[in-house]
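Reader: Before I set up any calculation, I would like a careful, close look at one single part of this model. Please take me through it slowly, with the cut-offs behind each term.

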Amino acid sequence: MTDELETEREDGRRPPRAVVGSHRIEEEMFGKVFDGNIVKRIWAFVRPYKKQMLIAVFAVLTFTATQLAIPLIIRYAIDHGIAPGTEDHSALLYSIIAFAAAILINFGASYVQETVVGRVAEDVLFDIRRAMFSHLQRISLSFMDKTEVGRLMSRLQGDVNSMQEFLETSVLSVGDITLLFGIVGVMLYLDFRLGLLTLAVLPILFVVRIYWLPRARIAFMAAHETNSVTNGALAEAIHGVRAVQSMDRQDINFTLYDDKAHANLRAHLTAAKYAQVMVPIVDSLTGVAMALVIVVGGSRVLNQALDVGVMVAFLFYIQRFFDPIRSLTLQYSVMQRAMASGQRLTEVLDVPIDIIDAPNAKDLTAEMDGSVEFRNVVFGYDPKHPVLKHVSFKVNPGETVALIGPTGSGKSSAMALVHRFYDVQQGEVLVGGHDVRDLTQDSLGQQIAMVLQEPFLFTGSVFENIRYHKSAATREDVIKAAKTVGAHDFIVKLTEGYDTELGERGGNLSLGQRQLISFARALVADAKILVLDEATANIDSYTEMLIQKALVRLLENRTGLVIAHRLATIREADRIIVLQNGELIEIGNHDQLMANGKLYSKLYNLNYSSFDDLPDEELEAATSGDFKT
Amino acid sequence: MSSDALKRAANRSDSLAHVNAAGWGRGLFTLVRITRMTLRHPWQTTFAIGATLVAAGLQLMIPRLLGHAVDQTQTAMAGGVAGKIAESALLTTALILLTVSILRGLFTMVQNYFAEAVGHHMGYELRLACYEKIQRLSFSFHDGVHSGDLITIGMLDLEGVRMYFSTALVRTILLAMLIGLGAYMLLSTDLVLGLVALSFVPFVAWRSSVTQLRLRATWLELQERLSVLTRVMEENLSGIRVVRAFASQVYELLKFDKASHAALELAHKRVGIRVKNTSAMTLSFFAAMGLVLWVGGNKVIAGEITVGTLTSFLTFMTILQMPVRQLGLMVNAYARASTCGTRLFALLDLDVAIKDAPDAKDLEISEGILRFEDVSFSYPQAAKRPVLQHLSFEARRGETIGIVGRPGSGKSTIAHLIPRFYDVTGGRITIDGQDIRNTTLRSLRQAVAVIQQDAFLFTTTIENNIAYGDPWATEPRIERASESAQLHNYVLGLPMGYDTVVGERGVSLSGGQRQRLSIARTLMLKPAVMVFDDSTAAIDAGTEQRIRIAMRRYAKDRVTIVVAHRLSSLMHADQILFVEDGRIVERGTHESLLAAGGRYRALYDLQVRPDDNIAATTKTEARV
Ligand SMILES: Nc1ncnc2c1ncn2[C@@H]1O[C@H](COP(=O)(O)OP(=O)(O)OP(=O)(O)O)[C@@H](O)[C@H]1O
Ligand SMILES: Nc1ncnc2c1ncn2[C@@H]1O[C@H](COP(=O)(O)OP(=O)(O)OP(=O)(O)O)[C@@H](O)[C@H]1O
Ligand SMILES: [Mg+2]
Ligand SMILES: [Mg+2]
């Protein structure tokens, strides 16, 4: 029993079924450097700030111009005001004045540019995030079911951030490119031949880059990807820590995580090699260019064919010349990352909203009768494997109907359809006499309150959780709802009563308590139709009975749909629907169903009459429904 | 971390409460500690620092050489030196310059690479340490901290510490060299001009440090606001069904906007602070350059210095421009490393509240007797509220204990105490006479398996989920466990069978399927004590009964504890405990409890005799 759990076998093999994190390769796309479509999409977010961006670009150009002007001014000062042999030293004074003007303009331009770009980039970041978030609020649940929250979060954060970085750098790139061209232009203007000679080093740089880029790109992407892999594994460890500890998986997980972290380390070291190998190359080329200027330019100065100031200016420009090239390289990888991020963002923004309000959708008003009807409904999460098969029933206004059936028979799925979480494949679901597809989703949500099988609570106080979106609800309403479900007693015993802060997912409450709070939340919503999906599964029968008594009053004039495995829960129901294997096999009131001796009566007997073991055949009959799905 | 989370966490041994109170002393201490960590990679550190020194020296030679070349032309012209000789002298200078440039490039490469390498190695070590710590920290720690905050520490803060070596330490050395040596060279060449050239340094250094400290303060605030935003988004997505069920998208967007605006506002403010600083720094730099030109120009005219010297002054300033701008980044890197490091180390240094005692021995199972002796407990977060009070019971191998009680009465808490997810605050729990606090955690947790009430399923295949506790398991064993949990037939019906991925936390399963999966994965372990914490609540009576029958096979050689609300689930137990407010108020077998006519009897009546529930109600009401 206490034999050591092996984390690896002698040959270094890892356990065959052990993984940490749930990384999917196809997620990490290798972005193109430039993708017109994505740029267009992102541009849509920038457009509202077009004016600011124009100002920023203008400021960048001004800024670049002053950068270019400064060595020229120095050159002028040296040649005309300082160098031996110049008579009129007032040129120095003029130069200084020009210099002062240039740096003041430089100051103003860089201030404007950086402020505007910085702010716009933040604005755009928040805008994109909001657009995605609000889009996610509409995307159908079938997409959300398949997508991990962590993955979406990394889009809402990491990817959005790299878009911001992209915006900031792209304005800078405009400056860098202008600077590059400006320097080339000025050098050629100052001395055409020397200029050409200096620029002769550029082709070498291009050749090297062409060779270097694809390799470096792969290395950078790999580093980026292993980051998200290790981070994903860490997030899983945090969320699943209780399961990990209770199954004593720490050692194995650590070994597996070590593999991933180590791969991450290696990828980063490789990427660093690629990034750094360019440094000596660029530096050598700078050296070559400067040496050329000294030798060729110098001898021409000696021959009096060139002013010494020009030579000085050249030396200045060469040093500035490689700066934009260097930063363009940096920006290149930022661009590339941004394209990959942009792609992932547009992917989310492009997820079609399958479930949208029809153009002429009506509001479901509180005056509707509250009936719910399924007409020949066929539905499957995967259309090829229907979960509900030709289900038809009608719940009359004011009626309370129970849904029962073996686990996995499709009860929760049926309730999800009433709310139009998913669209049916065949048939129709009607609420208040209207097909749910002809109603606005908002009004549908307002008229139906639901206690979900999984009680999910938000961080925040107990009060805020019960009130939830019903901001109009008073404290009295909240307390009343809590009393109805029997939660009041334990709430007031909490350290700060209704103002006690709940932990993540309500972790500092017992599961039954969480369920009661989520029940109270549904009551505060004050809707015409109440759906209870195993709302009392984790609650004792006594509390449950108290709730039921209170509900009888509450459900007057309302429609109730109740799912339960404990059949005592549904004894107040007017009618009972039995689902098995996605099919409706019985419907009727308790007496009718008991009389026909089918599944209901068997389940009922299991629940009540016999607290002893049933013979196997009978069990088989009662539960076989689940097994053929 | 949000302040209320901290407040809640405040009085626990393993909490992060003290972290934000970090003052200067602690920050400094953190930096020392990170620096010491880098020494674990002595070679790489030496290479990085050595290369930095050389690279800085070489870089300083460049302006010298440039000035020298300019001077050569000037003196040659003035002195009428023969063209050939002057040209070859220029050639020599050019070649030296080329060599220096190449060497500088190479050394910079070495410097950068090793600086990065040290950082990545540190990052790797810290990642492992962080992961291990998080895995080991007790439940009570995790109860008190939001997972998002831990993720921030493990990702962002770790990054801040990792970058310390290259962006703070190495850069400091580089800047000190450049500015220091450069200042020396300038001042020794020409004191006045040197002072003029360096006049911007103190201003910029002061300015950028002040700014960075202000940015750091707002950075902390921004992190806080962003973490609120993160929480809003994350909970919205995790609770998406609730959001949809209540059609509360508008409300959620409002929540989002509020958090988002708060963060955006601060982000704008930070841009302002940053930009004001950089622009002022550039301006002061250029102003100094203008002064050099003016003062130097006049000196050239006066014949005090040569054009070459002026050139080397000016080039030198261009070289300095970059490092001086980086002063700000450097200060920022220090500030970042100290805040991030303080938080990260606070996590890494946490004392794991529940760990092996120094003299802990492996649990020896002989008779298999589990005993609660006068156990009391309260959760560390709400220490004043007793959850269990003076609880005693005993269970032997082969026996089943049933536990019933109202929500919040303490049933799950009992289950959590046996594998030491929490430690008792009074009394003790023993297995075969050994206090579980004196046994090794590993042996204890292998001996005790709890099927948790809201079990966490991993986003992986059904097979991997079942084999989670025993990843070497053979397929037949997995299938057997799955059969016992009544899951096998369902899985066979799936298109992908055991390779079906269950979705996050098992969303693509029905409630009952999730519970059966977590039963199956627990059956893979071979524990001496097995606890079912309300783990069949979402399963219909028929399926449950089959599970119960299958369980009998396992029950022979272990203690089984069943928490349930459905009495048929536990009526066969050898002993049933009725828990109320953390006390056992009734105990006995099903029959004896029925005969006693107490609370248990009332519950039974409610569940069994639905038709006269009025009578049952009144009876229960009289009692409860
Ligand atoms: N989001 C989903 N994606 C894919 N399949 C799903 C999803 N939700 C449920 N299913 C599958 O649909 C079937 C019906 O599930 P449903 O949740 O409706 O069952 P149920 O009757 O509520 O069962 P239980 O009583 O166990 O809660 C199950 O086989 C389940 O695996
Ligand atoms: N992590 C926690 N931190 C603080 N208090 C807690 C924590 N978990 C539970 N409690 C409190 O301890 C008490 C007992 O909770 P416990 O989970 O043991 O109840 P339970 O009997 O299992 O209830 P249920 O039937 O609802 O599962 C409850 O009042 C609950 O609010
Ligand atoms: Mg369900
Ligand atoms: Mg519990």
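**A serine between a metal and a ligand**

Author: A:S412 is partly exposed, with a relative accessible area of 29%, where buried means under 20%, exposed over 50% and partly exposed in between, using a 1.4 Å probe and protein chains only. The model is predicted, so local features need pLDDT of at least 70 and side-chain atom pairs count only at pLDDT 80 or more, while totals for chains, interfaces and linings use all residues. Residues are numbered from 1 along each chain as its sequence is written, chains are lettered from A and ligands numbered from 1 in the order in which they are written, and side-chain values use heavy atoms, with hydrogens and water left out.

The OG atom of A:S412 is one of the protein donors of the magnesium ion (ligand 3), the other being OE1 of A:Q453, and these donors lie 1.9 to 2.2 Å from the ion. Donors here are N, O and S atoms within 2.8 Å of the metal (3.2 Å for Na, K and Ca), and because water is not among the atoms, sites may look incomplete. The pair links distant parts of the chain, 41 residues apart: A:S412 belongs to helix 11 (residues 411-418) of chain A, whereas A:Q453 sits in the loop between strand 6 (448-451) and strand 7 (460-461) of chain A. Helices (H or I, at least four residues) and strands (E, at least two) are DSSP runs numbered from the N terminus. A:Q453 counts as buried, at 17% relative accessibility.

A:S412 also belongs to the surroundings of ligand 1, where 22 residues are found and A:S412, A:S413, B:S510, B:G512 and B:Q513 come nearest; a residue is near a molecule if one of its heavy atoms lies within 4 Å of it. Because residues from chains A and B surround ligand 1, the site is shared between chains. Helix 11 of chain A and helix 18 (511-523) of chain B each supply at least two residues of the shell around ligand 1.

Turning to polar contacts, which are pairs of N or O atoms within 3.5 Å, a polar backbone atom of A:G408 is 2.8 Å from an oxygen atom of ligand 1. A polar side-chain atom of A:T407 lies 3.3 Å from an oxygen atom of ligand 1, and from chain B a backbone N or O atom of B:G511 lies 3.3 Å from an oxygen atom of this ligand. Taken alone, ligand 1 exposes 630 Å², of which the protein buries 91%, with areas from the Shrake-Rupley method and a 1.4 Å probe.

Note on methods: Polar contact = N/O pair within 3.5 Å; in protein donor to acceptor, adjacent residues only side chain to side chain.
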